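Trainee: Could you take me through one part of this model up close? I would like to see how a single residue sits in its surroundings, and then how that fits with the rest of the chain.

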Amino acid sequence: MGWIHNANAAVARSVVGRYFRLEGSGHPRARKGSYFFTEIRAGLATFFAMAYIISVNSTIVSDSGGTCVCPIDSPDLCVTDSAYLLCKQDIRRDLVTATAAISALTTFCMGLFANMPIALAPGMGLNAYFAYTVVGFHGSGLVPYQVALTAVFVEGFVFVGLTLIGLRQWLARAIPASIKLATGVGIGLYLTLIGLTYSAGIGAVQGASATPMELAGCHPGSLDPETGLCPSSDKMRNPTMWIGIFCGGFFTVFLMMFRVKGAIIAGILLVSIISWPRPTPVTYFPHTELGDSAFDFFKQVVAFRPIKNILVVQRWNVSEYGAQFGLAFITFLYVDILDCTGTLYSMARFAGAIDEKTQDFEGSAVAYLVDAFGISIGSLMGVPPVTAFIESGAGISEGGATGLTAMTTGLCFFISIFFAPIFASIPPWATGCTLIIVGALMAKAVTEINWRYLGDAIPAFLTIAMMPFTYSIAYGLISGIMSYIILNGGVWVIEKVSGGRIKVPEKELKEPWTYKLEGGILPPWMVRAAHGKKDFWKRPEDEESYASGRTLDGAEVAHAEKRPEVSGGEKNDRSSGSSVEGHDARL
């Protein structure tokens, strides 16, 4: 259409077009194929691919109880305490606003300052670890909610420091590749288990006594008050479970198979719409005190819900939680480094922005700083660590190449703040299958693990197995890393002691591992400053060399003209969320 072409050209020639390096802007590093309306469409695609995080994150994190206090002598962790459940419901409404707000802020800033088409939001996996291990269900975990938020806040600023001095990239490489891949798979299984349980899922499994776990699926009211198990006569008879399985599960997967954009949010909305009418067996608003309160909020439809209970509630005196606080802090930091690093690099490569020589991308330091500051700001709002989302690939596959894509997504998240009554009224059985689907996608990376050598395979397997079985990402990482050190360190010691006479027959199959980085650990700006360069913040490449596609030393740079072509099938894979660029991208 002529007017669209003219509008794209006008924006490209403006200050905005030159800042974001749109094609036709005259900028020497203009990104080929980037047009104003294409960027807007790409931003909308990214939002619909990841809008599910608003309801899913609020559901998961509210299971910790937030600032609500469950009495120590409660026999069932306040599961039947109506006053506590009303407080928890209020926490979930706060979290809907907080999730949308921090996603809007960080995503918009990623586009504005880093000029990358990448969206951010509270990370899947880390939010479950935060809610079910660190704080625990209804506050039964390692530390109180307020202390956990303090760990997140501190982690964000440590992340800032690591980014500024260049250690962030080194730490991401220091962990062996097989364990890195296994971490993503383990978190996928961890999310799957959560999606199968009652509190944040469809209620298909339940913890048992004679066995670690058993089949459930009964009405919540029929659970045995002493054992918490389903009676045999009522197993698999809960209609909400079946609605979740078929309408939220199979329906969503069918849409993804046919490459329908926004498939996940479509499945969630279908189950929610079925669950909203009151006089039905699957209603989310039963005629109880809790149901009446939820329905009254739902009827507002459009309303701004301020963050009332979880805003700036950090507890700074953590002396009585020393070891637990340290474990939570280290796990948040390391998993977030892996998560953010993998996703940013994967999406930058997909967008054609990676410099193959340095394996870095333009604006990477700014992108990491946006993520790091977002972590700390998000903790002040009461949410777990923020990270880059692989669903950004949906927008990139639609042609998104600049920060305008992320800014559009951020504005969509901002608008969603005013629909808090809708997002707060999405039942857990609507999002349970979403967790299972995300878990299945993350498990894809298991094929890339080096299973040929036991020194790599056993640590990777322990990492995968321990995460869901111990209900903890931290314990999975500890198991994998310690077993890797013991097995491979032991082989090294035996070889040294024997003078090389005793060797592992298949050691040549071992995956190479190194902690070293090409060019050293320090970031380029710090190296330039150390050499006395006054304008150390400037890249050494001048305008002319970038225009020709070469750096001063003759190395190619990955700017817009080298953006890879992606086949239609691959584009659709990414836009539907059914495939990602290597699932070490998620971790």
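Mentor: Happy to. Let's start with Phe258, which is exposed in this predicted model: its relative accessible area is 65%, and the cut-off for that class is over 50%. Phe258 sits in the loop that links α10 (239–257) to α11 (263–275). This residue also has nonpolar company at the surface: together with Trp242, Phe246, Phe250, Val253, Phe254, Met257 and Val260, Phe258 makes a nonpolar surface patch of about 830 Å².

If you follow the chain past α11, you come to another loop residue, Thr280, placed between α11 and α12 (289–298). Thr280 falls in the middle class, because its relative accessible area of 29% makes it partly exposed. Its side chain has a polar contact as well, reaching the backbone oxygen of Pro277 at 3.4 Å.

For a contrast with Phe258, turn to Thr150 in helix α7, which covers residues 145–165. Thr150 counts as buried, because its relative accessibility is 2% and the class takes in values under 20%. Here too a threonine side chain meets a backbone oxygen: a polar atom of the Thr150 side chain lies 3.0 Å from the backbone oxygen of Gln146. Setting aside neighbours within four places in sequence, Thr150 is in contact with Gln314, Arg315, Trp316, Val318 and Phe325. Take Val318 from that list: 168 residues separate Val318 from Thr150 along the chain, yet their C-alpha atoms are 8.6 Å apart.

That long-range pairing brings us to the whole protein. Of the contacts between residues at least 6 apart in sequence, 74% join residues at least 24 apart. The chain has 587 residues, and 56% of them count as buried. By secondary structure, you will find 23 helices and six strands. The accessible surface comes to about 24,500 Å², with 67% of that area belonging to carbon and sulfur atoms.

A last word on confidence, since you will want to know where to look closely. The average pLDDT is 84, and 86% of the residues score at least 70. Over residues 542–587, however, the pLDDT is below 50, although this stretch has 112 contacts in the model beyond near neighbours in sequence. Predicted coordinates should not be read in detail where pLDDT is low.

Methods: Residues numbered from 1 in each chain as written. Predicted model: local features only at pLDDT ≥ 70, side-chain atom pairs only at ≥ 80, totals over all residues. Heavy atoms only, no water. Patch = residues over 30% accessible without salt bridge, like charges linked within 9 Å, V, L, I, M, F, W, Y side chains within 5 Å. Areas by Shrake-Rupley, 256 points an atom, 1.4 Å probe, with all protein chains shown as cover. Salt bridge = Lys/Arg side-chain N within 4 Å of Asp/Glu carboxyl O. Helix = DSSP H or I, 4+ residues; strand = E, 2+ residues; numbered from the N terminus. Buried < 20%, exposed > 50% of the residue type's maximum accessible area, 1.4 Å probe, protein only. pLDDT = per-residue confidence, 0-100. Contact = heavy atoms within 4.5 Å. Polar contact = N/O pair within 3.5 Å; in protein donor to acceptor, adjacent residues only side chain to side chain.
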